[in-house]
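Trainee: I would like to go through this model from its sheets to its voids. Please keep each answer short and finish on the item I ask for.

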Amino acid sequence: MTHDVVVRNGTIVDGLGGQPYVGDVAVRDGVITEIGALSGKDGAAHRVIDATGLLVTPGFVDLHTHYDGQSIWSDRLNPSSAHGVTTALIGNCGVGFAPCRIDDHDVLVDLMAGVEDIPGVVMTDGLPWTWETFPQFMDAVDKRPRDIDVATFLPHSPLRVYVMGRRGVDREPATPEDLAQMRLLAQEAAEAGALGFSSSRLMTHRTRTGTRIPSYDAAYAEILAISRGLADGGGGLIQFVPDLPEGTYQTVLQQVFDAASEVGLPVTFSLLIANSGVPLWRDAMAMVEKANGSGAAISAQVFPRPIGLMVGLDLSIHPFVLCPSYQKITGLPLAERVAEMRKPEVRQQILSDRPTIVPANPLAYLAQSWDWIFPLGDDPDYEPDPSKSIAARARARGVSPAEEAYDRLLDDGGHAILLDALANFENNSLDTVSTLMRRDDVVLGLGDGGAHYGMICDSSFPTYVLTHWARDRASDRLSVEAAVRELTSTPARIAGLHDRGRLAVGYKADLNVIDHQNLRLHKPVVTYDLPAGGRRLDQTADGYVATMVSGEIIAENGKPTAARPGRLVRGRQPAPA
């Protein structure tokens, strides 16, 4: 038998946490056919990749993305696919584009524009809206060739609007008839291949016009009805974003745990670690331990570096974006705006102004959190020393933090980017993240690829895990095999995708060949490649020698190939026999 591809003499990291070893991996017809020392006819292949001195890993699985639109208008799901991700879950946070009637298109565009910072014109121009039901949307995703696989949740807010119309938008209580229809539609989605359903109660999730999302006030009975529908259709995963305030956080989280327990479904929820104040994550993990001790399957989803905003003049948010004096020049091209901002009188006016503009996205209020804002630099540092904060730098210069931030925003001709580390940076370090990511009831996620195009660029986190956590950090370093496990078999197991996430015969041939020692994360850059010329942040890396999806090489040495083997994954997948 001639193999399609043989990856020869690489250091095999199996995805299960096993000790790495040197060997070959053979691929044919999209699956792994042999692993070990292959020679002679056993090693014959149409393509051989010399992986001497390189890591060979399973493809990475990202549980939390928002490529709902990008999977329709683009054949590449980058940045994720540039960082070794071969399977991405879309439809998170209870927002998406289906089910949707024609009259509700504007409602969902407003919703996605506000919650996920996707410009409305991008969705208007980029989406054909050839669907109404959720199975029809899945068919549209399925028809689009792309580089990597996607699987999708049924999002709560579009479901609520589809069933309840204006009452759903206005967050009125669902009637028994509403609940019955939601249950039936959840069953229909699961039977069509939805991997689960998603919902959000996060107070900062608001529409572009500033209103709270339709799912925000959803009662326990509504969560339970949708969960029952999912179970009726064969089961799946519940993805949930809880609210932040103490008391509210625990109450709504417990509702989801109770609903899932009643119908026997697993849950994964977003866990944020506050930089200061009451450490609510301790109570949340105590709830997880209690629930799992009673037979539940709950996992907290944690991001492996600060959850941060990208702050810059060419981005959605920066410290002066809410100042009326800055708004006078915000429409100018960047170069002209920078020239204006360098004028002493304009500088004085903006610095003496007060941020009085009411933003659609409440995150804009955080752009003056001086103790947590840091210059990102060409070699992005996501665990910066406190002495590098805008506040500390201002004290060292003898100026105000606003003055220091103003000057740093003008660096690099106005293209400079600052990191606003708004969460996960407890006690000015990632030590709490380090503790949590080693727990069996925690999974890595929250990369948010495909969303927050002008605010967040976090889908590069697999590269960060392999560089910072498994190579560069002075303390609490992860072994390579543990890091790879947390990027592969662990999220695949939680998603119910048991056919991937490990290197073993019969498993899906999603692979990465990585030059670990030379793996390097580049700084985010602004590009204008969305529909209608829309802006987004992109981020690349050095060190990915090859990435393979279903046995086809989609990227070599950081450059995409013409291969587009990615498909829609319909439903949970069993392990190979």
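**Sheets, pockets and cavities**

Trainee: In what order do the 8 strands of the open parallel sheet lie?

Mentor: The model is predicted. Its 8-stranded sheet is open and the pairing is parallel. The edge strands, each pairing on one side only, are S6 (60-62) and S16. Neighbouring strands in this sheet are turned by 25 degrees against each other on average, direction ignored. The order is S6-S7-S8-S9-S10-S11-S12-S16.

Trainee: Which residue in S9 is the bridge partner of Phe 153?

Mentor: Strand S8 covers residues 149-155 and strand S9 residues 196-200. The two run parallel and are joined by 3 bridges. In S9, the partner of Phe 153 is Gly 196.

Trainee: How many residues of strand S12 are buried?

Mentor: S12 spans residues 298-302 and is mostly covered. On one side Ile 298, Ala 300 and Val 302 are buried, and on the other side Ser 299 and Gln 301 are buried, which leaves both faces covered. Buried here stands for a relative accessible area under 20%. The count for S12 is 5 of 5.

Trainee: Which residue of S16 is the bridge partner of Ala 300?

Mentor: Ala 300 belongs to the buried set of S12. Phe 269 stands opposite Ala 300, and strand S11 (residues 267-270) pairs with S12 in the parallel sense over 4 bridges. S12 is also joined to strand S16 (residues 442-444) by 3 bridges, again running parallel. The partner of Ala 300 in S16 is Val 442.

Trainee: Which helix makes a β-α-β unit with S11 and S12, and what is the handedness of that unit?

Mentor: S11 and S12 are paired in the parallel sense. The helix that completes the unit covers residues 280-293. That helix is H10, and the unit is right-handed.

Trainee: What is the strand order in the open sheet of 3 strands?

Mentor: The pairing in this sheet is antiparallel. Strands S13 (307-311) and S14 (373-375) are the edge strands, since each pairs on one side only. On average, neighbouring strands are turned by 30 degrees against each other, direction ignored. The order is S13-S15-S14.

Trainee: Which residue in S15 is the bridge partner of Ile 373?

Mentor: Strand S15 runs over residues 418-423. S14 and S15 pair in the antiparallel sense over 3 bridges. In S15, the partner of Ile 373 is Asp 420.

Trainee: Which element gives the largest share of the lining of the largest pocket?

Mentor: The largest pocket holds about 900 Å³ of space. Of its 40 lining residues, the closest to the centre are Leu 244, Leu 272, Ile 307, Leu 422 and Ala 423. The elements that give two or more residues to the lining are helix H2 (105-116), H10, S13 and S15. The largest share, 4 residues, comes from S15.

Trainee: How many residues of each class does the lining of the largest pocket have?

Mentor: The lining has 40 residues. Gly is counted among the polar residues in this classification. The division is 25 nonpolar, 11 polar and 4 charged.

Trainee: What is the volume of the largest cavity?

Mentor: There are 3 cavities of 30 Å³ or more. The largest cavity is lined by 14 residues, with Pro 79, Gly 450, Ala 451, Ile 456 and Leu 537 nearest its centre. By class, its lining has 6 nonpolar, 5 polar and 3 charged residues. The volume is about 80 Å³.

Trainee: Which helices give two or more residues to the lining of the second largest cavity?

Mentor: About 40 Å³ of space lies in this cavity. Its lining consists of Pro 99, Thr 133, Phe 134, Pro 135, Tyr 162, Leu 185 and Glu 188. By class, these are 5 nonpolar, 1 polar and 1 charged. The helices are H4 (134-143) and H7 (176-192).

Trainee: Is Asp 258 buried, partly exposed or exposed?

Mentor: Asp 258 lies in helix H9 (residues 248-263). Its relative accessible area is 38%. Buried requires under 20% and exposed over 50%, so a value in between has its own class. Asp 258 is therefore partly exposed.

Notes: Residues numbered from 1 in each chain as written. Predicted model: local features only at pLDDT ≥ 70, side-chain atom pairs only at ≥ 80, totals over all residues. Heavy atoms only, no water. Axes fitted to C-alpha atoms, helices over the stretch in contact; angles between N-to-C directions. Buried < 20%, exposed > 50% of the residue type's maximum accessible area, 1.4 Å probe, protein only. Right-handed = clockwise from strand over helix to strand, strands pointing away. 1 Å grid on protein atoms, 1.4 Å probe; cavity = no way out; pocket = protein on both sides within 12 Å on 5 of 7 lines; lining within 4 Å. Points joined across faces, edges and corners; volume = space filled by probe spheres on them.
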